[in-house]
Amino acid sequence: MEQLKLLVVDDEPGIVDFIQKIYTRKGFITFGATDGITAVEIYQKEKPHISLIDIHMPYSPIDGVETLKRIREIDKNAVCIMLTRITEKDKVEGSRSYGAFAYLLKPMSSEELDGAINAAKSMLPDI
Amino acid sequence: MNHVAISGSLVFITSFFSAIFVFIKGPKKDISYTWSLFSLSVASWGFGLFKGFSTDIESVALFWSRYLNLSAIFIPLFFFHFVISFTNRFVTKRKELIFYYIFFISYFLISIILPKIFVYNVRSILSFKYYPSPGPLYYLFPIIFGYLVIYGIVLLFKELIEASSLRKNQIKYLFAGIFIGFAGGSTTFFPVFNIKIYPFGTYLVTIYVLTVTYAIIRYRLMDITILAIRALIFSVVYGVLLALPLFTIFGSKSVIDRISIAIYALLASAAPFIYLFLQRRAEDLLLKDQRRYQHALRELSKTMTRIRDIDQLLKAIVLNVVDTVKVSFAGIYLKDEEYKSYRLKHCFPLKSKDRFQEFIPLDYPLIKVLYDKRLPLLSEEIGPQDKINLDSGLVVPCFMEDDLLGFLVLGAKPNNRMYTPDDIIVFETLSYSTSLAIDNCRFWREIEDRQRKARLQEMDTYSYSLAHEIDNPMYIIIGQAELLKKYFLKCIPDEKERKELEDSFGFILEAAQRVSGMVKAIRDFGSPATGEPRPLKIEEVIESFTKLYSPQFKTNGVSYLKELPVNSIYIRGEKPELMQVLVILANNSLHAMKYSTEKKITLKVEIPNPDWVRICFLDTGCGIRKDLLNVIFSPFTTTKASSEGTGMGLYNAKKIIEKHKGRIWVESGGENKGATFYIELPIAKDITEEELKKEDRGKRLF
């Protein structure tokens, strides 16, 4: 079975770092980005199977919803899980309309994260 | 005494005062000097008329006849000079004017050296015993007189046509006055030339003075100020009045009579001033004390509006009144909407408190009387139906428009002296400034309240976003710590060291999780209402509230008990809002139980019928007075000190419950019997599985 590729996008390097480490240990090939532009570039190059995108990224030139939109323009079947907060209701709605697969409320437990990624795995075409 | 003499004396007095007045008070310009000279010459002529026509002795009559005609020579000359100044023609008419001066003075000198050729003699004509008869030179006199006067009047007339409107008015009066004056004065010429026309016009000369005076006052003819005008009016009136004793003086033969009349006239003139002076001194002496405190109260009125705190203000008023007026006691009542009455706010001295009843209901007779009269009232005006023991004092109402804000109650003045009308006026002023100051304080308090609310709101949003900002770092700490733990545990072979390391990570993770938990509680409580009611388990609300408030109950020594039904009950609503209602009730209960021996809060959830769920919140606090049961849900109702509460809590709670289509009410057995708050909310029965799934907070798939 081909190794799954995971892209983690969050403007907090600390968060990107440990999620990457956890999933590397679980056998994923992981990529990290702390802004939307880099994330889209990486996506273009690597075509990861699953992307975790933080919606609220004040330090990034484009926010999570815009990043999602651009990724979905590259690949209309891209599987993206959005990381969000309770206050960002309209952005959650926005990402839904751009075709996000699921969203997770931050801070999420590792079980919640695992659950979402497993659900995403099942969506992928046979690998 | 004939009419010519009388009118002569009037002309003399009025012209003389006019001359002096304009000379002293008028602008230091040619116009004033020439007017003064002109008036003086007229006055001198008038004086001659008076003397010459009030004597029986021929030689005296002749002397004054010559005198008055010699004076009259200067009248046209000075008049012309005045017109030149008034019309600003000095530059063009200078040489002409000098010529007239030389001419008239020569005429005057010749007449004085050779009196016979000017006024030859006196003779009887008409009803006059002695009237001047002309010498040869005299025939020239009416001609040059008429020439110069008419010339002057023509110049004035030209000026009148060209003048602006204000100046037009000035000139009109001057013109009319001078015209009348000269026309009248000229009638004295007729009998001189044996024309038997009575010199009726001499009175008209007085009219000219009055007309010109009017012009001076009304149209500021010579830029004379109001103060000067008052002096002028005074002198004219006084001059006319003084004419009578002057007649008597000059008419009397005995010297002693003359002196005594003169002294009498002098004293009579001085009397009003002496009276005013003495009156002021006497009042100063008699009312020294009253003046002092009236002054003090006026000062207080001025400084009062600078005080911003209402309690301080009322205290300052009461203390100042007692201190300065030395009344036996003073108290101040202020309207208290909550108790529907006027409430005693301050009194001094403190032992006088027994005199006052703390609350005076709004419909009390005293209040009605105050509304009727709206003025400081003496106790005898109030009537015996009133219960305040006034001891012959004063009640001073403070009105703001039509609202009686409060009133000041004063005891007796020292030695039981009466309150004078002056006092009442001073207290009336004090009452106005008190009303203003009270209003001012309220205004400040409102602004402060608003600012405090704005600050709280800012803090609210700030702490909410802060909670979110804490989330990220905490998430990093927990995540990275877990990762590190896994790495290190693998690398450390020694069992004991591995155990220690595991403990260390345990502490870090536990502490971090605790912070996260707290932040989550804040977030739950502070999250803004989304505006759309969600399916909610009632026990979830209660559990969250319990988590949030258990520490509070613990520190306050309150035993907390909750009774929940076995099955879950769903309602529709917003968790943070419902939690807030419970928090409000809990805060109130904690406050109410501060001094209770038994401190217990019970939270019960019941289902009184299939449609409603009821939350009962029982405490063992100080309870609620029967009359307050209805008002405690109104805004700004509080029993706490102003620093502790805004009086808005229960009002907000009621609004939240009403938004959830529920009811809230309170029951209490009375004071010290505890209170029970009831909240009833409609049970949600139409909740679908999907909705519940959506609410499942774990994984959310679109």
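**Helix 19 and the sheet**

I started with helix 19 of chain B, residues 575–592, in this predicted model. Helix 19 lies across strand 12, strand 13 and strand 15 of chain B. Against strand 13 of chain B, I noted a running angle of about 25° for this helix.

Next I looked up the sheet itself. It is an open sheet of 5 strands in chain B, ordered 10-12-13-15-14, with mixed pairing. Strand 10 (559–563) and strand 14 (663–668) of chain B are its edges, each pairing on one side only. From one strand to the next, the twist averages 20°.

I then took one pair from that order. Strand 13 (residues 612–619) and strand 15 (residues 675–682) of chain B are joined in the antiparallel sense over 8 bridges. Which residue of strand 15 of chain B is the bridge partner of B:Leu618? I found B:Thr676 there.

Helix 18 of chain B (residues 538–555) also packs on the sheet. I listed its contacts as strand 10, strand 12 (600–609), strand 13 and strand 15 of chain B. The direction of helix 18 makes about 175° with that of strand 10 of chain B.

**Helix 3 and its neighbours**

I moved to helix 3 of chain B (residues 58–86) and checked helix 6 of chain B (residues 140–162) beside it. Their axes come within 9 Å and cross at roughly 20°. An angle under 35 degrees counts as roughly parallel, so helix 3 of chain B is roughly parallel to helix 6 of chain B. The crossing of these two helices of chain B is left-handed.

I wrote down some of the residues in this contact. From helix 3 of chain B they include B:Asn69, B:Ile73, B:Pro76, B:Phe80 and B:Phe86. From helix 6 of chain B they include B:Phe141, B:Leu148, B:Tyr151 and B:Gly152. By class, the contact residues are 18 nonpolar, 2 polar and no charged.

Helix 2 of chain B (residues 30–52) also packs with helix 3 of chain B, at an angle of about 160° and with the axes 7 Å apart. Over 145 degrees counts as roughly antiparallel, so helix 2 of chain B is roughly antiparallel to helix 3 of chain B. I noted a left-handed crossing for helix 2 and helix 3 of chain B. Their contact residues divide into 19 nonpolar, 8 polar and 2 charged.

**Chain B overall**

I ended with the totals. Chain B has 21 helices and 16 strands. Of its 702 residues, 44% count as buried. Among contacts in chain B between residues at least 6 apart in sequence, I recorded 67% joining residues at least 24 apart.

Conventions. Residues numbered from 1 in each chain as written. Chains lettered and ligands numbered in written order. Predicted model: local features only at pLDDT ≥ 70, side-chain atom pairs only at ≥ 80, totals over all residues. Heavy atoms only, no water. Axes fitted to C-alpha atoms, helices over the stretch in contact; angles between N-to-C directions. Helix = DSSP H or I, 4+ residues; strand = E, 2+ residues; numbered from the N terminus. Parallel < 35°, antiparallel > 145°, perpendicular 65-115°, else oblique. Left-handed = near helix turned anticlockwise from the far one by under 90°. Contact = heavy atoms within 4.5 Å. Nonpolar A, V, L, I, M, F, W, Y, C, P; charged D, E, K, R; others polar. Pairing = 2+ DSSP bridges. Buried < 20%, exposed > 50% of the residue type's maximum accessible area, 1.4 Å probe, protein only.
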